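Grab a pencil and open the viewer. Below are some short exercises, each with a worked solution.

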Amino acid sequence: MQAPRDDLQPPKDDPFTSAQLREYDGSNASKPIYVAIKGTIFDVSHKADVYGPGKSYNIFAGKDGSRGLGMSSLKPEDAVADYSTLDEKDMKVLDDWFAFFSKRYNIVGKVVDGPSSANM
């Protein structure tokens, strides 16, 4: 597991629609790779070996896959923003992922049109 970083930039709250976020899925090498959790967008570009095309966690790149993270699922049908159906145990897992990302990746924005914005 990677250690927390001490060189993170101050969080940004730039607005992104879900469609805009999809452009940052790693398929275009000239763009960074973004992953959103609970509507908060993280720049995971420095871990392209994990989030890049064909890699194990690419399913979460360019989208808010909060439900799948909470369920510890890599199934495409679970990698969706709506986490309202998660039970207490899975919500804790999702919150742990959020904390993990917050300590390791720069926050670059917020998803403005996803269902997760209603859950916050």
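Before we start, one definition: two strands pair if DSSP finds at least two bridges between them. Keep in mind, too, that this is a predicted model.

**Exercise 1. Work out the order of the strands in the sheet, and find which strands lie at its edges.**

Step 1. Start with the order: four strands make an open sheet, arranged E1-E4-E3-E2, with mixed pairing.

Step 2. Now look for strands that pair on one side only; these edge strands are E1 (14-16) and E2.

Step 3. Check the twist: on average, neighbouring strands here are turned by 40° against each other, direction ignored.

Step 4. Take the E1 end. E1 and E4 run parallel and are joined by three bridges. Within this part, aspartate 14 stands opposite glycine 109 in E4.

Step 5. Add the helix: H4 packs on the sheet, where it touches E2 and E3, and its direction makes about 140° with that of E2.

**Exercise 2. Describe how E2 and E3 pair, and what sits between them.**

Step 1. For strands in general, pairing goes through backbone hydrogen bonds, either parallel or antiparallel. 

Step 2. Here E2 and E3 pair in the antiparallel sense, over four bridges. For a landmark, find tyrosine 34, which stands opposite aspartate 43 in E3.

Step 3. Follow the chain into the hairpin: two residues lie between the strands, and lysine 38 takes a positive phi near 50°. Glycine 39 is also in the loop between E2 (34-37) and E3 (40-43). Is glycine 39 buried or exposed? Its relative accessibility is 3%, so glycine 39 counts as buried.

Step 4. Finally, see which way the E2 side chains point. In a regular strand they alternate between the two faces of the sheet. In E2, Tyr34 and Ala36 point one way while Val35 and Ile37 point the other way, and all are buried.

**Exercise 3. Track down the largest nonpolar core and say which helix gives the most to it.**

Step 1. This core has 19 residues, and those touching the most other members are Val35, Ile37, Phe42, Val44, Tyr51, Phe101 and Tyr105.

Step 2. Ask where the members come from: E2, helix H2 (48-51) and H4 each supply at least two residues. H4 gives the most, with three residues.

Step 3. Don't mix this core up with a second, separate one of eight residues, which includes Tyr24, Ala36, Ile41 and Val108.

Step 4. Zoom in on tyrosine 105. Leaving out residues up to four places away in sequence, tyrosine 105 touches, among others, Leu8, Phe42, Val44 and Tyr51.

**Exercise 4. Arginine 104 and asparagine 106 are polar residues to inspect: which backbone atoms do their side chains reach?**

Step 1. Place arginine 104: look in the loop between H4 (88-102) and E4 (106-111). With 7% relative accessibility, arginine 104 counts as buried.

Step 2. Follow the side chain of arginine 104 to the backbone oxygen of phenylalanine 100, at 3.1 Å.

Step 3. Compare sequence with space: arginine 104 and proline 4 are 100 residues apart along the chain, yet their C-alpha atoms are separated by 5.1 Å.

Step 4. Move on to asparagine 106, which lies in E4. Since its relative accessible area is 14% and buried means under 20%, asparagine 106 is buried.

Step 5. The side chain of asparagine 106 reaches the backbone nitrogen of glutamine 9 at 2.6 Å. Beyond its neighbours within four places in sequence, the contacts of asparagine 106 include Arg5, Leu8 and Ile41.

**Exercise 5. How many salt bridges does a search of the whole structure find? Look at how accessible the partners are in some of them.**

Step 1. The search finds seven. As background, side chains of opposite charge can pair when their charged atoms come close.

Step 2. Arginine 5 bridges to aspartate 7, with the closest N and O atoms 2.9 Å apart. Arginine 5 is partly exposed at 27%, and aspartate 7 is partly exposed at 48%.

Step 3. Glutamate 23 and lysine 31 meet at 2.9 Å, N to O. Glutamate 23 is partly exposed at 39%, as is lysine 31 at 29%.

Step 4. Aspartate 90 and lysine 89 meet at 3.2 Å, N to O. Here aspartate 90 is buried at 13%, whereas lysine 89 is exposed at 57%.

Note on methods:
Residues are numbered from 1 along each chain as its sequence is written. This is a predicted model: local features need pLDDT of at least 70, side-chain atom pairs count only at pLDDT 80 or more; totals for chains, interfaces and linings use all residues. Side-chain values use heavy atoms; hydrogens and water are left out. Buried means under 20% relative accessible area, exposed over 50%, partly exposed in between (1.4 Å probe, protein chains only). A polar contact is a pair of N or O atoms within 3.5 Å; within protein, one must be able to donate a hydrogen and the other to accept it, and residues adjacent in sequence count only if both atoms are side-chain atoms. Contact means heavy atoms within 4.5 Å. A nonpolar core is a set of buried Ala, Val, Leu, Ile, Met, Phe, Trp, Tyr and Cys residues joined through side-chain atoms within 4.5 Å. A salt bridge is a side-chain nitrogen of Lys or Arg within 4 Å of a carboxyl oxygen of Asp or Glu. Axes are lines fitted to C-alpha atoms, for helices over the stretch in contact, and angles run from 0 to 180 degrees between N-to-C directions.
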